[in-house]
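Please open the model in your viewer and keep the selection tool at hand. The stops below are meant to be followed in order.

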Amino acid sequence: MGMNISVVGTGYLGVTHAACMAELGFNVIGVDIDPTKIKELSHGNLPFHEPGLPELLRKHVASGRLRFTTDYEEISSWADVHFIGVGTPQRADGHGADMRYVDAAVIELATRIRGKALIVGKSTVPVGAARRLRTLIEEHAHPDAEITLAWNPEFLREGFGVKDTMTPDRLVFGCEEPGSEALLRVIYSRALEAGTPVIITDFETAELVKVAANAFLATKISFINSFAEITETIGGDITVLADALGHDARIGRKFLNAGVGFGGGCLPKDIRALQARTSELGLTHTMGFLAEVDEINLRRRERVVRLAHVLLNEQLVGARVAVLGVSFKPDSDDVRDSPALDIAVRLFNAGADVLVYDPKGNKNAAERFPRLHYANDLAEAVAQADLVLLLTEWDEFKALVPADLEGLVAARRIIDGRNVLSRSQWKDAGWEIVGMGQHHPPLDGEL
């Protein structure tokens with residue numbers, strides 16, 4: 001297409017975006033400071049699980065349309081457009097977003113670029129960051145450079161990253177400088193021709209769209225989980241309640257599933273960063289409700305641990321507990337802030353013999369918590385288990401029926417942390433099964 005694109009950062013966002021840009025016909029170079037990661041990617045090896053992405057990566061590494069480097073000098077003199085996709089993790093000294101990596105990437109580019117170039121931010125950043133970054137560019141840019149800045153937030157769902165990049169549900173362009181919108185329209189021409197809605201706006205709105213979306217989704221999940229606390233105490237069917245709410249078009253059914261709560265690398269840190277940023281702006285109470293959203297979310301983990309104690313008659317020490325799923329969601333190997341992994345660790349710390357099985361997440365979980373035991377398959381995980389916990393709704397686990405575990409477990413007890421199993425079917429087969437939002441008398445008043 002006659003346009004060269006660089007993508008700075010080769011984590012989940014960066015690699016997905018780079019491979020998809022190559023699929024759209026652009027010449028792409030991904031850059032990262034980690035030489036080991038760059039070597040693996042250059043050989044077509046994806047360091048994480050994402051459906052459909054390994055095939056794109058190998059295809060375009062082989063075609064030569066997608067390359068990787070650690071050299072900022074190479075991309076600064078080559079690319080017309082530079083996408084910034086580095087991480088903004090939670091700061092070690094508080095809840096705010098750590099902007100060091102974004103700042104470093106922008107400065108590296110600004111000091112090296114000669115001639116015209118567009119820098120496009122995709123990282124999730126605190127509102128006001130783009131204006132500050134534009135000042136950084138002005139301070140570090142070479143006199144021969146003509147650098148413009150735009151903000152184009154990502155809305156990727158892990159497990160659907162390729163689809164969400166190639167056929168997004170909307171595009172947001174924060175454009176305040178000449179020519180940036182036109183370039184972005186060229187890059188996303190296929191999606192725009194297919195009718196994808198595009199919102200052209202200022203920097204602040206573009207920055208807020210992503211964090212607002214994540215704050216809303218987190219609130220919706222904690223909302224239904226707060227009602228689960230009520231039904232767990234007095235009775236009622238949380239799934240039927242969610243179904244009834246979902247028929248209201250103003251509310252919708254998605255993200256109204258009671259369970260063990262949200263996790264991953266986005267929602268938890270983004271709602272905390274939003275609270276921190278609004279406090280910096282003097283809006284101390286504006287996002288205060290998100291603290292309760294976060295607290296409700298964390299209480300779900302405590303609930304499962306307490307359930308395990310009760311089902312095992314307070315004899316958790318030495319009990320064999322099978323944990324099915326430790327990734328924060330299915331179709332992902334991401335265990336960052338995973339409620340499932342946190343629950344497994346809490347049970348281990350309470351004295352249980354915990355055996356974990358996740359179709360894709362075992363390796364990453366083992367790197368974080370090597371003291372847990374990890375099984376190679378479901379049968380190994382549940383062998384002689386006194387209690388089974390279903391904590392991530394992989395298809396393999398959703399399809400379970402009692403006969404699948406017959407003769408393997410030591411006791412017929414299961415906690416359905418995602419409410420995906422038929423309670424009547426399991427009860428009829430002689431199992432003690434407890435789901436989230438389900439009334440359980442021994443736990444009345446306890447969370």
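Before selecting anything, keep one convention in mind: an angle of 65 to 115 degrees between two axes counts as roughly perpendicular. Bear in mind also that this is a predicted model.

**Stop one: α10 and α12**

Select helix α10, residues 203-234, together with helix α12, residues 267-280; their axes come within 9 Å and cross at roughly 110°. The two helices, α10 and α12, are therefore roughly perpendicular to each other, and the crossing in which α10 passes α12 is left-handed. To see what makes the contact, show the side chains of V211, N214, A215, L217, A218 and I221 on α10, and those of L267, D270, I271 and L274 on α12. If you colour the residues of this contact of α10 with α12 by class, they divide into 8 nonpolar, 1 polar and 1 charged.

**Stop two: α12 and α13**

Keep α12 selected and add helix α13, residues 289-311, whose axis lies 9 Å from that of α12, with the pair packing at an angle of about 155°. Because angles over 145 degrees count as roughly antiparallel, α12 is described as roughly antiparallel to α13. Here too the crossing, in which α12 passes α13, is left-handed. On the α12 side the contact is made by I271, R272, L274 and Q275, and on the α13 side by L290, A291, V293 and D294. By class, the residues of this contact of α12 with α13 divide into 5 nonpolar, 1 polar and 2 charged.

Now centre the view on Q275, which is found in α12. Is Q275 buried or exposed? Its relative accessibility is 16%, so Q275 counts as buried. Once neighbours within four places in sequence are left aside, Q275 is in contact with M287, L290 and A291.

**Stop three: α10 and α13**

Hide α12 and bring back α10 beside α13: these two helices pack at an angle of about 50°, with their axes 9 Å apart. That angle makes α10 oblique to α13, and the crossing of α10 and α13 is left-handed. Select A215, A218, T219, S222, N225, S226, A228, E229 and E232 in α10, which meet F289, L290, V293, I296, N297, R299, R300 and R303 in α13. The residues of this contact of α10 with α13 divide into 7 nonpolar, 5 polar and 5 charged.

**Stop four: I5 and the cores**

Move next to strand β1, residues 4-8, where I5 is found. With a relative accessible area of 0%, I5 is buried. Which residues does I5 touch, once its neighbours within four places in sequence are left aside? Its contacts are M21, F26, N27, V28, I29, W78, A79, V81, F83 and I187. You may also draw a distance from I5 to I75, which is 70 residues apart from I5 along the chain, and find their C-alpha atoms separated by 8.4 Å.

Widen the selection to the largest nonpolar core, which has 39 residues; I5, V28, F83, I187 and Y188 are those with the most contacts inside it. Helix α1, residues 12-23, gives the most to this core, with 8 residues. As a last selection, turn to a second, separate core of 31 residues, which includes V304, A319, Y374 and L391.

Terms used: Residues are numbered from 1 along each chain as its sequence is written. This is a predicted model: local features need pLDDT of at least 70, side-chain atom pairs count only at pLDDT 80 or more; totals for chains, interfaces and linings use all residues. Side-chain values use heavy atoms; hydrogens and water are left out. Axes are lines fitted to C-alpha atoms, for helices over the stretch in contact, and angles run from 0 to 180 degrees between N-to-C directions. Helices (H or I, at least four residues) and strands (E, at least two) are DSSP runs, numbered from the N terminus. Angles under 35 degrees count as roughly parallel, over 145 as roughly antiparallel, 65 to 115 as roughly perpendicular and the rest as oblique. A crossing is left-handed if the near helix is turned anticlockwise from the far one by less than a right angle, and right-handed if clockwise. Contact means heavy atoms within 4.5 Å. Ala, Val, Leu, Ile, Met, Phe, Trp, Tyr, Cys and Pro count as nonpolar, Asp, Glu, Lys and Arg as charged, and the others, Gly among them, as polar. A nonpolar core is a set of buried Ala, Val, Leu, Ile, Met, Phe, Trp, Tyr and Cys residues joined through side-chain atoms within 4.5 Å. Buried means under 20% relative accessible area, exposed over 50%, partly exposed in between (1.4 Å probe, protein chains only).
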